[in-house]
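Please look at the sequence and the model below. The paragraphs after them explain how one helix sits in the structure.

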Amino acid sequence: MTFEEPPLSTVGIEPKDDKWFVMVHEKGKVAQRSFGTEAEAKQFAKQEEKRLGIPRR
């Protein structure tokens, strides 16, 4: 018997070229959005984690 695991949803923040990028991995797809400041990126990442039901670390 085999089981298929559902794809994991993750949210990550990465600085690059004086911008902050939030990467959202959801259902096998990756979405990337850029922000001007780290605080804006963290706020958006927090909202996405809440939307996806990812517990805060």
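What follows deals with a helix, its two sides and the aromatic residues at its buried side.

The model is predicted. Helix 1 runs over residues 38-52, 15 residues in total. From its first C-alpha to its last it reaches 21 Å, close to the 21 Å expected at 1.5 Å a residue. Just after helix 1 comes Gly53, with a positive phi of about 75°.

Which residues of helix 1 are buried? They are Ala41, Phe44, Ala45, Glu48 and Glu49. Seen down the axis of helix 1, these buried residues fall within an arc of 140°, so they line one face of the helix. The spacing along the sequence fits a general rule: an α-helix has 3.6 residues a turn, so residues three or four places apart point the same way. On the other side of helix 1, Ala39 and Lys50 are exposed.

The next point is what the buried face meets. The buried residues of helix 1 pack against strand 1 (10-16), strand 2 (19-26) and strand 3 (29-35).

Phe44, one of the buried residues of helix 1, also takes part in an aromatic pair. The count of such pairs comes to one. Its members are Phe35 and Phe44, with ring centres 5.2 Å apart and 40° between the planes. An angle over 60 degrees would count as edge-to-face and one under 30 as stacked, so this pair is classed as tilted. Both Phe35 and Phe44 are buried. Arg33 lies over the face of Phe44, at 4.6 Å from the ring centre.

Definitions and conventions. Residues are numbered from 1 along each chain as its sequence is written. This is a predicted model: local features need pLDDT of at least 70, side-chain atom pairs count only at pLDDT 80 or more; totals for chains, interfaces and linings use all residues. Side-chain values use heavy atoms; hydrogens and water are left out. Helices (H or I, at least four residues) and strands (E, at least two) are DSSP runs, numbered from the N terminus. The expected span of a helix is 1.5 Å times one less than its number of residues. Buried means under 20% relative accessible area, exposed over 50%, partly exposed in between (1.4 Å probe, protein chains only). The arc is that of the directions from the helix axis to the C-beta atoms. Contact means heavy atoms within 4.5 Å. Rings of Phe, Tyr and Trp (its six-membered ring) pair if their centres lie within 6.5 Å; planes under 30 degrees apart count as stacked, over 60 as edge-to-face and the rest as tilted. A charge sits over a ring if NZ of Lys or CZ of Arg is within 6 Å of the ring centre and within 35 degrees of the ring normal.
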